[in-house]
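Reader: I am new to this structure and should be grateful for a close look at one of its chains, with attention to how that chain is divided and what it touches. Please take the parts in turn and connect them.

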Amino acid sequence: MEGLRLVAKGAEADLWLDPDWNGRRVLIKRRVAKAYRHPELDREIRRFRTVHEADIIHRAKGAGVPTPVLYQVDPEGAAIVMQYVEGEMVREVVDRLDCDGRRRLFRVIGLQAGRLHGAGIVHGDMTTSNMIRAGDRVVFIDFGLGEVSREAEKRGVDLHLMRRMLTSTHFRHTEELFDAFEGGYRDALGAEADEALRRMGEIERRGRYVDREDRLDGDG
Amino acid sequence: MSRAKGFLSSPPPYCLKVEAIDRLVCLGIESTADNLGVGIAASDGAILANEVSSHVPPEGGIHPREAARHHAAEIGRVLEGALKAAGVEAGDIGLIAFSRGPGLGPCLRTGATAARALAAYLDVPLVGVNHCVAHIEIGRLATGAVDPLTLYVSGGNTIVAGYEAGRYRVFGETLDIAVGNCLDVFAREAGLPYPGGPAVEEMALKGERLIPLPYVVKGMDLSFSGLVTASAQELRGGRWRLEDLCFSLQEVAYAMLGEVTERALAHTRKGELLLTGGVGANRRLRGIVQSIAEEHGASPRFVPLRYATDNGAMIAWTGLLAHAGGIRTPIESSHVDSRWRLDEVEVPWRG
């Protein structure tokens, strides 16, 4: 029998592949302790996100968004045992696809984002690193920062994070990809999409400089 | 900081060769917020002067118009001081740079007006510089970092950025107020002096108990408005020692910064991690940055305080880089831009 193999070391968690966990091929996601964080804060963050992630992964399925099958949740060990999804991170795939392929992929991503929002779920870390392309499907992962919410502001932040990823990392195709994403998103969410997209624009324009008085007198 | 000394004598590798032969001297004016700075830099990487005059608000935070009045009253004296410190005549200046944004409108306009007048009077080119780009560029010069991921934390900005294909890309930033502003507001509520960072840090040293406060990270972005509101509420509630509240506020705010920095570092796989901005002086935050850099095999780079807070030298130096990259700002189109984003700026001198 093969043993555990470390397949990825993320910023937040170590990902282990166990090829034979009760006869199944699983991924064990373990949120590791951070030496730089206060130990109490660290424990609380890891425990909360572990339990929370399992909850949101489950809810997302109900919304028709593919997510990994969950097998076990261990709050104290901050670990989740879940289905090992065969596929590739969307972030790595984008540049290899032709224009049509990219647009199709981002339409699907937009559709699924819209379904999540429509079901009252926000992802909280909606980036191309947290999506796996498995054949024709896109599996959403990493729901540790997710929330159960219908607030336009939180939906707007999700869209802003996606757009930010497209500007910072996929800058060669930003507008094309967001356009396809937006199309799918609108189709899934209907009339409510307007408000979320408007909020995204507002978040982008929001001044980082805190000075209300100054905002009144414009530039010059 | 032994590294800081070395850079004065050795030219950075990305300086154009022609400049090393034909040394250009640039005077830079910084006036985005409460600091008025005049710096003088040369194209071989030497910082010849770095004079600062700070507007200290009588109470509360920065008042833009009062700060602008301070800058207008002080500019002559600071300019003279910088020329004297550098040992150069006005006629030796071959380029004028000014911080064009982002920042407070009235303060920016005061600096820009002085810069335009100087450029016209001396009949030399003018270059408008992005304040955030300047923080990164002086940080690279002062620490010898080549291609760092930068965490820039101050009273007005909270940004995680790194260079990629012609621009500094923003990977994470605050969704509402800057971390320094969060500390300032809390300090004001608690009757601690301005700026809040050092006062809170001092108090936090005597704290030990972790009080639950909202920890808000969204992807690589963060939010501090909930944190400052909750901290102020706890303060008014009177249940806790101020020392413990300061301790907890620091622990939560800096852990949030640590988390987004670590995410961005893992995402970009940069080999250097640069900490700059006034809040970068905090020892707890430095410890966190050091720990994250070590964990990811990156080299931590701490910008010396005189180049980490708002200063004129960074504007002068970045003016030289921009000038070498072919950038000019004609006086007639040299309006300031209080919302100029870091990731909108082309940086042709890198690449």
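Author: The bounds of a domain, as the word is used here, come from an automatic or database domain assignment. On that basis chain B, the part examined here, is divided into domain 1, which takes in residues 2–139 together with 310–344, and domain 2, which covers 147–306. The model is a predicted one, and its scores are ipTM 0.89 and pTM 0.92.

The centres of the two domains of chain B, taken over C-alpha atoms, are separated by 26 Å. Where these domains meet, domain 1 of chain B supplies 15 residues and domain 2 of chain B supplies 20. On the side of domain 1 that touches domain 2, the element that gives the most is helix α5 of chain B, residues 131–143, with 5 residues. That side of domain 1 consists of 7 nonpolar, 7 polar and 1 charged residues.

Consider next chain B as a whole. Chain B contains 12 helices and 12 strands. Its radius of gyration is 20 Å, close to the 20 Å that the globule rule gives for 351 residues, so chain B is as compact as a globular protein of that length. Along the principal axes, the C-alpha atoms of chain B fill a box of roughly 65 × 45 × 35 Å. Of the 351 residues in chain B, 60% are buried. Among contacts in chain B with a separation of 6 or more, 77% join residues that are 24 or more positions apart.

The confidence of the prediction should be read alongside this picture. Chain B has a mean pLDDT of 93, and 93% of its residues reach 70 or more. Over residues 1–11 of chain B, however, pLDDT stays under 50, and the model has 14 contacts beyond four places in sequence for them. Residues 15–20 of chain B also stay under 50, with 10 such contacts in the model.

The interior comes next. The largest nonpolar core has 160 residues, and those with the most contacts inside it are B:Ala41, B:Cys182, B:Ala253 and B:Ala316. Helix α9 of chain B, residues 242–268, gives the most to this core, contributing 13 residues. Apart from this core lies another, of 8 residues, among them A:Val26, A:Leu27, A:Ile28 and A:Tyr84. To return to B:Ala41, its contacts, leaving aside neighbours within four places in sequence, include B:Cys26, B:Gly28, B:Ile47 and B:Leu48. B:Ala41 is also in contact with B:Ala313, B:Ala316, B:Trp317 and B:Leu320.

There remains the contact between the chains, to which chain B gives 42 residues and chain A gives 31. The elements of chain B that give two or more residues to the side touching chain A are α4 (105–122), β8 (167–173), β9 (217–218), α9 and α10 (283–295). The largest share of that side, 8 residues, comes from α9 of chain B. Helix α9 of chain B thus appears twice in this account, as the element that gives the most to the largest core and as the source of the largest share of the side that touches chain A. By class, that side of chain B has 19 nonpolar, 12 polar and 11 charged residues.

The partner may be described briefly. Chain A is assigned domain 1 (5–83) and domain 2 (88–205), and the C-alpha centres of these two domains lie 22 Å apart. Their contact takes 14 residues from domain 1 of chain A and 14 residues from domain 2 of chain A.

Notes: Residues numbered from 1 in each chain as written. Chains lettered and ligands numbered in written order. Predicted model: local features only at pLDDT ≥ 70, side-chain atom pairs only at ≥ 80, totals over all residues. Core = buried A, V, L, I, M, F, W, Y, C linked by C-beta atoms within 7 Å. Buried ≥ 20, exposed ≤ 12 C-beta atoms within 10 Å, placed from the backbone. Helix = DSSP H or I, 4+ residues; strand = E, 2+ residues; numbered from the N terminus. Contact = placed C-beta atoms within 7 Å. Nonpolar A, V, L, I, M, F, W, Y, C, P; charged D, E, K, R; others polar. Rg over C-alpha atoms; globule rule 2.2 N^0.38 Å. pLDDT = per-residue confidence, 0-100.
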